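Got your viewer open? Let's take a short walk through this protein, one selection at a time.

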Amino acid sequence: MSDEVDIAEENIELNILAAIEACRHRPSLPAKGSCWFCDEPLPAMQKFCDRDCASDYEAEEAALARAGRRRGNDLHAE
Ligand SMILES: [Zn+2]
């Protein structure tokens, strides 16, 4: 049973490491205390929950850039 817990914790750790690694590719994006993709509260240094949020954010940002609009702090502009 404890093995399962260990594996779960290891996966969380790997996800955090992957998220930190993903952020290294985007040094311009500041940590804001929550996930840039889903706004989940996070530790101050973390920008994404995990690799999924990081890659989803990148995909969404790329789509918005193609549409001629960048995601900013004015999410409620409409
Ligand atoms: Zn997230």
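Start with Gly68, which comes after helix H2 and has a positive phi, near 85°. Keep in mind throughout that this is a predicted model.

Now zoom out and show the whole chain as a cartoon. You should find two helices and zero strands. The protein has 78 residues, and 18% of them count as buried. If you look at contacts between residues at least 6 apart in sequence, 31% of those join residues at least 24 apart.

**Stop 1: helix H2**

Select residues 51-66, which is H2. Does its length fit what you'd expect for a helix, and what is that expected span? At 1.5 Å a residue, the 16 residues of H2 should span 22 Å, and the end C-alpha atoms are indeed 22 Å apart, so the two agree.

Next, colour Cys53, Ala54 and Tyr57, the buried residues of H2. These three sit on the same side of the helix, because they cover an arc of only 100° around its axis. Turn H2 around to the face pointing away from that buried side, and you'll meet the exposed residues Ala59, Ala62, Ala63 and Arg66.

**Stop 2: two residues on H2**

Click on Ala54, which is part of helix H2. Buried or exposed? Ala54 is buried, since it has 25 other C-beta atoms within 10 Å, and the cut-off for that label is 20 or more. Try a distance label from Ala54 to Glu21: they are 33 residues apart in sequence, and their C-alpha atoms are 9.8 Å apart in space.

Then pick Glu60, also in H2. Glu60 has 13 C-beta neighbours inside 10 Å, so it counts as partly exposed. Draw a line from Glu60 to Phe37 and you'll get 8.7 Å from C-alpha to C-alpha, although the two are 23 residues apart in sequence.

**Stop 3: the nonpolar core**

Select Ala19, Cys35, Trp36, Phe37, Leu42, Phe48, Cys49, Cys53, Ala54 and Tyr57 and show their side chains. These ten residues make up the largest nonpolar core. Which element gives the largest share of this core? That would be H2, with three residues.

**Stop 4: Trp36**

Stay with the core and centre the view on Trp36, which lies in the loop between H1 and H2. Why does Trp36 count as buried? It has 25 C-beta neighbours inside 10 Å, and 20 or more is enough.

Who does Trp36 touch? Leaving out residues up to four places away in sequence, its contacts are Leu29, Lys47, Phe48 and Tyr57. Take Tyr57 from that list: Trp36 and Tyr57 are 21 residues apart in sequence, with 7.1 Å between their C-alpha atoms.

**Stop 5: Asp39**

For the last stop, select Asp39, in the loop between helix H1 (2-24) and helix H2 (51-66). What is its phi? Asp39 has a positive phi of about 65°, although it is not a glycine. Now check its surroundings: Asp39 has 12 C-beta neighbours inside 10 Å, so it counts as exposed.

Definitions and conventions: Residues are numbered from 1 along each chain as its sequence is written. This is a predicted model: local features need pLDDT of at least 70, side-chain atom pairs count only at pLDDT 80 or more; totals for chains, interfaces and linings use all residues. Helices (H or I, at least four residues) and strands (E, at least two) are DSSP runs, numbered from the N terminus. A nonpolar core is a set of buried Ala, Val, Leu, Ile, Met, Phe, Trp, Tyr and Cys residues joined through C-beta atoms within 7 Å. The expected span of a helix is 1.5 Å times one less than its number of residues. The arc is that of the directions from the helix axis to the C-beta atoms. Two residues are in contact if their C-beta atoms, placed from the backbone, lie within 7 Å.
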